[in-house]
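Good morning, and thank you for coming. I should like to take you through one protein structure, step by step, and I ask you to keep the picture in view as I speak.

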Amino acid sequence: MDQIFGEIGKALGGFFGSAPVQLVLQAMLVYLIILWLAAAYWAFRDMQQRTENPILPYVAASFVIVFAPLFPLAVFVYKIVRPHEKIGEVYERNLAEEALLAEVEAIKSCPTCARRVHDEWIICPTCRTRLNRVCPNCSRLVGLDWSLCAWCGKDFERRDMPAAAIAGARPAPITPLPGSVDETGRIGRSGVEGSGQRAGRSAAPRSMARPANAPRSSQDVLPEG
(Lines give C-alpha, C1' and ligand atoms only; values in the text may rest on other atoms or scores of the structure.)
Protein backbone atom coordinates (compact mmCIF):
# COMPACT_ATOMS: atom_id res chain seq x y z
CA MET A 1 0.00 0.00 0.00
CA ASP A 2 2.77 2.33 0.89
CA GLN A 3 4.46 1.45 -2.33
CA ILE A 4 1.32 2.40 -4.26
CA PHE A 5 1.02 5.77 -2.52
CA GLY A 6 4.69 6.36 -3.08
CA GLU A 7 4.34 5.78 -6.78
CA ILE A 8 1.32 8.13 -6.95
CA GLY A 9 3.29 10.80 -5.16
CA LYS A 10 6.22 10.38 -7.51
CA ALA A 11 3.92 10.66 -10.50
CA LEU A 12 2.30 13.81 -9.17
CA GLY A 13 5.67 15.28 -8.26
CA GLY A 14 6.93 14.55 -11.70
CA PHE A 15 3.81 16.10 -13.25
CA PHE A 16 3.94 19.31 -11.25
CA GLY A 17 7.70 19.43 -11.54
CA SER A 18 7.63 19.54 -15.32
CA ALA A 19 8.39 22.86 -16.99
CA PRO A 20 5.03 23.28 -18.78
CA VAL A 21 3.05 22.70 -15.60
CA GLN A 22 5.27 25.09 -13.65
CA LEU A 23 4.73 27.73 -16.33
CA VAL A 24 0.95 27.29 -16.17
CA LEU A 25 1.00 27.50 -12.37
CA GLN A 26 3.06 30.68 -12.48
CA ALA A 27 0.69 32.19 -15.04
CA MET A 28 -2.31 31.37 -12.85
CA LEU A 29 -0.59 32.94 -9.85
CA VAL A 30 0.17 36.10 -11.81
CA TYR A 31 -3.42 36.20 -13.03
CA LEU A 32 -4.77 35.93 -9.47
CA ILE A 33 -2.48 38.74 -8.30
CA ILE A 34 -3.57 40.96 -11.18
CA LEU A 35 -7.21 40.13 -10.46
CA TRP A 36 -6.68 40.94 -6.80
CA LEU A 37 -5.12 44.34 -7.54
CA ALA A 38 -7.71 45.05 -10.23
CA ALA A 39 -10.49 44.37 -7.73
CA ALA A 40 -8.89 46.85 -5.32
CA TYR A 41 -8.58 49.47 -8.06
CA TRP A 42 -12.19 48.85 -9.13
CA ALA A 43 -13.35 49.35 -5.55
CA PHE A 44 -11.34 52.59 -5.38
CA ARG A 45 -12.84 53.98 -8.60
CA ASP A 46 -16.33 52.81 -7.76
CA MET A 47 -16.23 54.53 -4.37
CA GLN A 48 -15.01 57.75 -5.98
CA GLN A 49 -18.13 57.79 -8.17
CA ARG A 50 -20.44 57.17 -5.21
CA THR A 51 -19.17 59.57 -2.56
CA GLU A 52 -17.56 63.00 -2.24
CA ASN A 53 -15.44 61.96 0.73
CA PRO A 54 -11.80 61.73 -0.43
CA ILE A 55 -10.88 59.09 2.20
CA LEU A 56 -13.53 56.44 1.57
CA PRO A 57 -12.09 55.30 -1.81
CA TYR A 58 -8.77 54.44 -0.13
CA VAL A 59 -10.59 52.63 2.66
CA ALA A 60 -12.53 50.52 0.14
CA ALA A 61 -9.36 49.63 -1.78
CA SER A 62 -7.56 48.70 1.44
CA PHE A 63 -10.49 46.52 2.47
CA VAL A 64 -10.31 44.56 -0.78
CA ILE A 65 -6.50 44.21 -0.65
CA VAL A 66 -6.46 42.97 2.95
CA PHE A 67 -9.46 40.63 2.95
CA ALA A 68 -9.48 39.32 -0.64
CA PRO A 69 -6.63 36.77 -0.14
CA LEU A 70 -8.24 35.48 3.07
CA PHE A 71 -11.84 35.86 2.03
CA PRO A 72 -12.32 35.81 -1.76
CA LEU A 73 -15.91 37.04 -1.41
CA ALA A 74 -14.72 40.37 0.03
CA VAL A 75 -15.61 42.06 -3.28
CA PHE A 76 -19.21 40.89 -2.96
CA VAL A 77 -19.30 42.15 0.62
CA TYR A 78 -18.10 45.53 -0.63
CA LYS A 79 -20.87 45.58 -3.26
CA ILE A 80 -23.40 45.07 -0.48
CA VAL A 81 -22.16 47.82 1.86
CA ARG A 82 -21.32 50.45 -0.80
CA PRO A 83 -23.73 53.36 -1.55
CA HIS A 84 -26.39 52.26 -3.98
CA GLU A 85 -26.44 55.48 -6.06
CA LYS A 86 -23.63 57.24 -7.85
CA ILE A 87 -23.10 60.98 -7.57
CA GLY A 88 -24.22 61.46 -11.18
CA GLU A 89 -27.38 59.47 -10.54
CA VAL A 90 -28.12 61.57 -7.44
CA TYR A 91 -27.66 64.78 -9.44
CA GLU A 92 -29.92 63.50 -12.20
CA ARG A 93 -32.59 62.58 -9.68
CA ASN A 94 -32.38 66.01 -8.05
CA LEU A 95 -32.64 67.72 -11.43
CA ALA A 96 -35.66 65.61 -12.32
CA GLU A 97 -37.33 66.52 -9.02
CA GLU A 98 -36.58 70.23 -9.51
CA ALA A 99 -37.92 70.12 -13.06
CA LEU A 100 -41.09 68.40 -11.86
CA LEU A 101 -41.48 70.94 -9.07
CA ALA A 102 -40.97 73.85 -11.50
CA GLU A 103 -43.56 72.35 -13.83
CA VAL A 104 -46.04 72.08 -10.97
CA GLU A 105 -45.35 75.66 -9.90
CA ALA A 106 -45.82 76.86 -13.48
CA ILE A 107 -49.44 75.76 -13.27
CA LYS A 108 -51.01 78.83 -11.69
CA SER A 109 -53.68 78.17 -9.08
CA CYS A 110 -55.90 80.33 -6.91
CA PRO A 111 -54.35 81.03 -3.49
CA THR A 112 -57.74 80.67 -1.80
CA CYS A 113 -59.51 77.70 -3.40
CA ALA A 114 -56.44 76.11 -5.08
CA ARG A 115 -58.33 75.80 -8.35
CA ARG A 116 -56.44 76.12 -11.62
CA VAL A 117 -56.74 79.64 -13.05
CA HIS A 118 -55.58 81.38 -16.22
CA ASP A 119 -52.75 83.87 -16.28
CA GLU A 120 -54.96 86.61 -17.78
CA TRP A 121 -57.78 86.30 -15.26
CA ILE A 122 -58.33 89.20 -12.89
CA ILE A 123 -60.72 87.47 -10.47
CA CYS A 124 -61.09 83.79 -9.65
CA PRO A 125 -64.50 82.65 -10.94
CA THR A 126 -64.85 80.09 -8.14
CA CYS A 127 -64.15 82.05 -4.95
CA ARG A 128 -63.97 85.60 -6.38
CA THR A 129 -60.45 86.16 -5.13
CA ARG A 130 -58.60 89.01 -6.86
CA LEU A 131 -55.70 87.61 -8.88
CA ASN A 132 -54.35 90.52 -10.95
CA ARG A 133 -54.93 94.22 -11.49
CA VAL A 134 -54.85 96.56 -14.47
CA CYS A 135 -52.13 99.16 -14.83
CA PRO A 136 -53.77 102.62 -14.99
CA ASN A 137 -51.10 103.83 -17.42
CA CYS A 138 -50.84 101.09 -20.08
CA SER A 139 -53.96 99.02 -19.24
CA ARG A 140 -52.03 95.76 -19.05
CA LEU A 141 -52.35 93.09 -16.36
CA VAL A 142 -49.85 93.28 -13.51
CA GLY A 143 -49.43 91.28 -10.32
CA LEU A 144 -50.89 92.39 -7.04
CA ASP A 145 -47.46 92.36 -5.41
CA TRP A 146 -45.72 94.42 -8.11
CA SER A 147 -44.41 97.79 -6.97
CA LEU A 148 -44.20 99.09 -10.56
CA CYS A 149 -45.43 98.07 -13.98
CA ALA A 150 -42.95 95.94 -15.93
CA TRP A 151 -44.44 97.09 -19.25
CA CYS A 152 -44.47 100.89 -18.93
CA GLY A 153 -42.53 101.55 -15.70
CA LYS A 154 -45.48 103.06 -13.83
CA ASP A 155 -44.60 103.37 -10.14
CA PHE A 156 -47.58 102.28 -8.07
CA GLU A 157 -46.11 103.45 -4.76
CA ARG A 158 -45.68 107.10 -5.87
CA ARG A 159 -48.80 109.12 -6.47
CA ASP A 160 -48.85 111.60 -9.35
CA MET A 161 -49.60 115.25 -8.41
CA PRO A 162 -52.46 116.91 -10.34
CA ALA A 163 -51.69 119.67 -12.81
CA ALA A 164 -53.55 122.27 -10.74
CA ALA A 165 -51.41 121.47 -7.72
CA ILE A 166 -48.26 121.72 -9.81
CA ALA A 167 -49.37 125.10 -11.24
CA GLY A 168 -50.25 126.37 -7.78
CA ALA A 169 -46.87 125.39 -6.50
CA ARG A 170 -45.10 127.74 -8.94
CA PRO A 171 -43.78 130.97 -7.37
CA ALA A 172 -45.69 134.18 -8.12
CA PRO A 173 -43.94 136.89 -10.20
CA ILE A 174 -42.08 139.42 -8.12
CA THR A 175 -43.28 143.03 -8.49
CA PRO A 176 -40.70 145.73 -7.76
CA LEU A 177 -41.31 147.84 -4.71
CA PRO A 178 -41.86 151.62 -5.09
CA GLY A 179 -38.57 153.32 -5.72
CA SER A 180 -36.73 150.00 -6.10
CA VAL A 181 -34.35 149.26 -8.92
CA ASP A 182 -35.18 146.34 -11.21
CA GLU A 183 -32.78 144.00 -13.03
CA THR A 184 -32.19 146.55 -15.83
CA GLY A 185 -31.14 149.26 -13.37
CA ARG A 186 -34.28 151.40 -13.89
CA ILE A 187 -36.55 152.67 -11.24
CA GLY A 188 -39.91 150.99 -11.23
CA ARG A 189 -42.68 152.86 -13.02
CA SER A 190 -45.09 152.31 -10.24
CA GLY A 191 -42.52 153.67 -7.84
CA VAL A 192 -42.08 156.85 -9.93
CA GLU A 193 -45.80 157.34 -10.37
CA GLY A 194 -46.48 156.68 -6.73
CA SER A 195 -43.77 159.06 -5.60
CA GLY A 196 -45.01 161.77 -8.02
CA GLN A 197 -48.60 161.43 -6.84
CA ARG A 198 -47.53 161.61 -3.24
CA ALA A 199 -45.40 164.71 -4.00
CA GLY A 200 -48.34 166.39 -5.75
CA ARG A 201 -50.73 165.60 -2.92
CA SER A 202 -48.31 166.86 -0.32
CA ALA A 203 -47.49 170.01 -2.34
CA ALA A 204 -51.09 171.02 -2.86
CA PRO A 205 -51.95 171.67 0.79
CA ARG A 206 -48.73 173.54 1.25
CA SER A 207 -49.59 175.93 -1.59
CA MET A 208 -53.11 176.41 -0.27
CA ALA A 209 -51.90 177.18 3.22
CA ARG A 210 -52.35 180.82 4.26
CA PRO A 211 -50.46 182.73 6.92
CA ALA A 212 -52.29 183.73 10.03
CA ASN A 213 -51.72 187.53 9.56
CA ALA A 214 -52.65 187.58 5.89
CA PRO A 215 -55.49 189.98 4.99
CA ARG A 216 -58.77 188.43 4.25
CA SER A 217 -60.34 188.81 0.90
CA SER A 218 -63.87 189.97 0.29
CA GLN A 219 -64.92 186.47 -0.43
CA ASP A 220 -63.68 185.26 2.92
CA VAL A 221 -65.66 187.96 4.84
CA LEU A 222 -69.12 186.84 5.57
CA PRO A 223 -71.86 189.43 5.30
CA GLU A 224 -73.11 190.66 8.55
CA GLY A 225 -76.66 189.92 9.29
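I shall speak about a pocket, then a loop, and then the salt bridges. Please bear in mind throughout that this is a predicted model.

Let us begin with the pocket. The largest pocket has a volume of about 220 Å³. Which residues line the largest pocket? They are L32, I33, L35, W36, A39, A68, P69, P72 and V75. Helix α2, which covers residues 19–50, gives the largest share of this lining, with five residues. If we sort the lining by class, we find nine nonpolar residues, no polar ones and no charged ones.

We now turn to the loop between α2 and α3, and to two residues in it. T51 lies in this loop, and α3 covers residues 56–67. E52 lies in the loop between α2 and α3 as well.

Is T51 buried or exposed? Its relative accessible area is 17%, and buried means under 20%, so T51 counts as buried. Its surroundings can be listed. Leaving aside neighbours within four places in sequence, T51 is in contact with L56, P57 and I87. In addition, a polar atom of the T51 side chain lies 3.2 Å from the backbone nitrogen of N53.

What of E52, buried or exposed? Exposed means over 50%, and E52 has a relative accessibility of 62%, so E52 counts as exposed. Even with that exposure, E52 has partners further along the chain: not counting residues up to four places away in sequence, E52 touches I87 and Y91. The side chain of E52 makes a polar contact with the side chain of Y91, at 2.9 Å. As for I87, the C-alpha atoms of E52 and I87 are 7.9 Å apart in space, while the two residues are 35 apart in sequence. I87 thus appears in the contact list of T51 and also in that of E52.

My last topic is the salt bridges. How many salt bridges does the structure hold? There are four.

I shall describe some of them, starting with R82 and D46. The side chains of these two residues meet in a salt bridge, with 3.1 Å from N to O. This pair links distant parts of the chain: R82 is in the loop between α4 (74–81) and α5 (87–106), D46 is in helix α2, and they are 36 residues apart. Both partners fall under the 20% limit for buried residues, R82 at 17% relative accessibility and D46 at 6%.

Next comes R93, which takes part in two of the bridges I describe. The side chains of R93 and E85 meet in a salt bridge at 3.1 Å, N to O. The side chains of R93 and E97 also form a salt bridge, here at 3.6 Å, N to O. Why are E97 and R93 separated by about one helical turn? They are four residues apart in helix α5, and that is why the separation is about one turn. These three residues are partly exposed: E85 has a relative accessible area of 35%, R93 is at 35% relative accessibility, and E97 has a relative accessible area of 45%. Elsewhere, salt bridges that share partners join D46, R50 and R82 into one network.

That concludes my presentation. Thank you for your attention.

Notes: Residues are numbered from 1 along each chain as its sequence is written. This is a predicted model: local features need pLDDT of at least 70, side-chain atom pairs count only at pLDDT 80 or more; totals for chains, interfaces and linings use all residues. Side-chain values use heavy atoms; hydrogens and water are left out. On a 1 Å grid over the protein atoms alone, a cavity is a set of points where a 1.4 Å probe fits but cannot get out, and a pocket is an open set with protein on both sides within 12 Å along at least five of seven lines; lining residues have an atom within 4 Å of a point. Grid points are joined across faces, edges and corners, and a volume is the space filled by probe spheres set on the points. Ala, Val, Leu, Ile, Met, Phe, Trp, Tyr, Cys and Pro count as nonpolar, Asp, Glu, Lys and Arg as charged, and the others, Gly among them, as polar. Buried means under 20% relative accessible area, exposed over 50%, partly exposed in between (1.4 Å probe, protein chains only). A polar contact is a pair of N or O atoms within 3.5 Å; within protein, one must be able to donate a hydrogen and the other to accept it, and residues adjacent in sequence count only if both atoms are side-chain atoms. Contact means heavy atoms within 4.5 Å.
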